[in-house]
Amino acid sequence: MRNKLSPEDVLEFTQYKFDTNMERFEKKPQHVTWELTNACNLRCKHCGLPDAGKPLEDELTTEEAYQVVHDLADTGVKSLLFSGGEALAREKFVDIAKYASKFFSVSLNTNGYLLKEYARQLKDVKLTIQLSLDGSEAQTHDFLRGEGSFERALEGIEECKQLGMSVSISSVIHKSNYRKLPEMIDLAFDLGAEVFEARAFQPPGRGKEMSGLALSNKEKIEMYQYLFNQQKEGRQVDSEDPYMFIVNELAQEACSNLYNKMVGIGCAAGIVGCAITPNGKVVPCIGLRIEVGDLREESLGYIWNNSEILKNLRDRGKLEGKCGECEYKYGCGGCRSAAYHSHGRIMAEDTSCWYKPRLLP
């Protein structure tokens with residue numbers, strides 16, 4: 001299907017919706033990702049953190065974690081995703097998660113290795129499990145995450161499904177598993193996952209040592225197009241990557257329709273949400289680790305409304321290079337983390353994107 005909208009139409013209508021919704025988004029974050037600990041039981045080769053393994057010396061105490069929960073609730077946060085490191089490796093995680101579930105919709109991002117052990121306790125928390133699975137068989141998954149991690153993850157999923165828990169699966173797509181994407185999607189739904197999400201490998205953190213795994217532009221286009229085709233077939237498949245908007249013609253048309261409530265944001269860093277590090281620092285997202293505040297000193301609401309970095313991220317008119325000239329800049333915006341790691345500026349052109357804007361001469 002070819003998009004019938006002109007690039008000028010896409011730009012005009014998506015900008016109108018972006019600006020209109022920004023009046024709502026800038027008041028409070030809708031979603032927060034909280035790296036509850038830097039501790040992790042695995043040493044994944046492609047980890048976005050350079051030093052995940054041991055807890056930080058200054059991680060928030062359990063009492064401070066409860067205070068953060070209250071701060072987020074007072075700010076008006078709607079959903080909270082616990083991450084790490086590995087959140088299940090954090091002491092008192094279940095207690096913290098159970099307390100947070102009184103105020104928000106709560107999810108857990110996990111490598112799955114400890115999931116079977118904790119599944120029954122997590123059932124009482126009533127959270128959604130988001131499990132990382134990077135292959136359709138042990139060889140591919142374990143290559144990055146460690147021997148035995150694939151089987152442990154599958155055992156955890158099976159236990160959660162038997163307990164009636166909601167499970168989604170996310171996968172990092174790279175050169176070693178790219179051709180296995182159809183099998184990975186099939187496996188996810190065979191295991192009972194409700195949603196499958198994929199994102200292209202990017203090499204910050206420990207992943208810098210694995211930069212050769214990054215997909216080519218051709219492979220990225222094929223991946224996002226395949227995911228879109230799966231969507232059209234009715235499968236609950238998506239991508240966290242903002243570039244998905246470039247190939248998703250249905251989303252473009254919906255976001256360009258003033259009578260349709262759907263709005264495309266693309267890169268949501270500092271717009272829809274933010275992230276919290278294990279020691280209470282606030283950053284735009286887990287990939288864009290620029291400190292914009294400290295919850296030990298300020299409330300999240302104050303940080304959200306006063307950070308100049310967050311204000312800049314909400315102003316797509318400040319995008320540089322081809323991102324600034326792109327008809328999709330209000331529905332995609334490029335990955336601000338990728339741009340920052342390439343150029344040292346959060347509003348720089350995202351050179352990891354393959355697309356050449358049709359508005360350019």
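**Exercise 1. Backbone angles in the loops**

Find where lysine 92 lies in this predicted model, and work out what stands out about its phi.

*Solution.* Start with the location: lysine 92 belongs to the loop between S2 and H3. Next, read its backbone: phi is positive, about 70°, although the residue is not a glycine. For context, most residues other than glycine have a negative phi. Finish with the surface: the relative accessible area of lysine 92 is 44%. Partly exposed covers the range between 20% and 50%, so that is the class of lysine 92.

**Exercise 2. A lysine in another loop**

Is lysine 126 buried or exposed, and which elements flank its loop?

*Solution.* First, place the residue: lysine 126 sits in the loop between helix H4 (115-125) and strand S4 (128-132). Then check phi, which is positive at about 60° although lysine 126 is not a glycine. Last, take the relative accessibility of 74%; exposed means over 50%, so lysine 126 counts as exposed.

**Exercise 3. A peptide bond to look at**

Which residues does the cis peptide bond join, and where is glycine 85 placed?

*Solution.* Look for the omega of about 20°: this cis bond links glycine 84 to glycine 85. Now locate the second residue: glycine 85 is in the loop between strand S2 (79-83) and helix H3 (93-100). As a reminder, most peptide bonds are trans.

**Exercise 4. Tracing the sheet**

Give the strand order of the open sheet, then say which strands are at the edges.

*Solution.* Walk across the 10 strands: the order is S7-S6-S5-S4-S3-S2-S1-S8-S9-S10, and the pairing is mixed. At the edges you meet strand S7 (237-239) and strand S10 (293-294), each of which pairs on one side only. Now zoom in on one pair: strand S8 (residues 273-276) and strand S9 (residues 281-283) run antiparallel, with two bridges. Here alanine 275 has valine 283 in S9 as its bridge partner.

**Exercise 5. Two surface patches**

Which residues make up the negative patch, and which make up the nonpolar one?

*Solution.* Begin with charge: Asp19, Glu23, Glu26 and Asp315 gather in a surface patch of negative charge. Of these, aspartate 19 lies in helix H1 (residues 7-25) and is partly exposed at 39% relative accessible area. Turn to the nonpolar side chains: Tyr16, Leu258 and Tyr259 form a surface patch of about 440 Å². Tyrosine 16 is also in helix H1, and its relative accessible area of 49% makes it partly exposed. Helix H1 therefore contributes to both patches, through aspartate 19 and tyrosine 16.

Notes
Residues are numbered from 1 along each chain as its sequence is written. This is a predicted model: local features need pLDDT of at least 70, side-chain atom pairs count only at pLDDT 80 or more; totals for chains, interfaces and linings use all residues. Side-chain values use heavy atoms; hydrogens and water are left out. Patches are made of residues with over 30% relative accessible area and no salt bridge: like charges are joined within 9 Å, nonpolar side chains (Val, Leu, Ile, Met, Phe, Trp, Tyr) within 5 Å. Accessible areas come from the Shrake-Rupley method with a 1.4 Å probe; for residues, only the protein chains shown count as cover. A salt bridge is a side-chain nitrogen of Lys or Arg within 4 Å of a carboxyl oxygen of Asp or Glu. Lys and Arg count as positive and Asp and Glu as negative; His and the chain ends are not counted. The place of a charge is taken as NZ of Lys, CZ of Arg, CG of Asp or CD of Glu. Helices (H or I, at least four residues) and strands (E, at least two) are DSSP runs, numbered from the N terminus. Buried means under 20% relative accessible area, exposed over 50%, partly exposed in between (1.4 Å probe, protein chains only). Two strands pair if DSSP finds at least two bridges between them.
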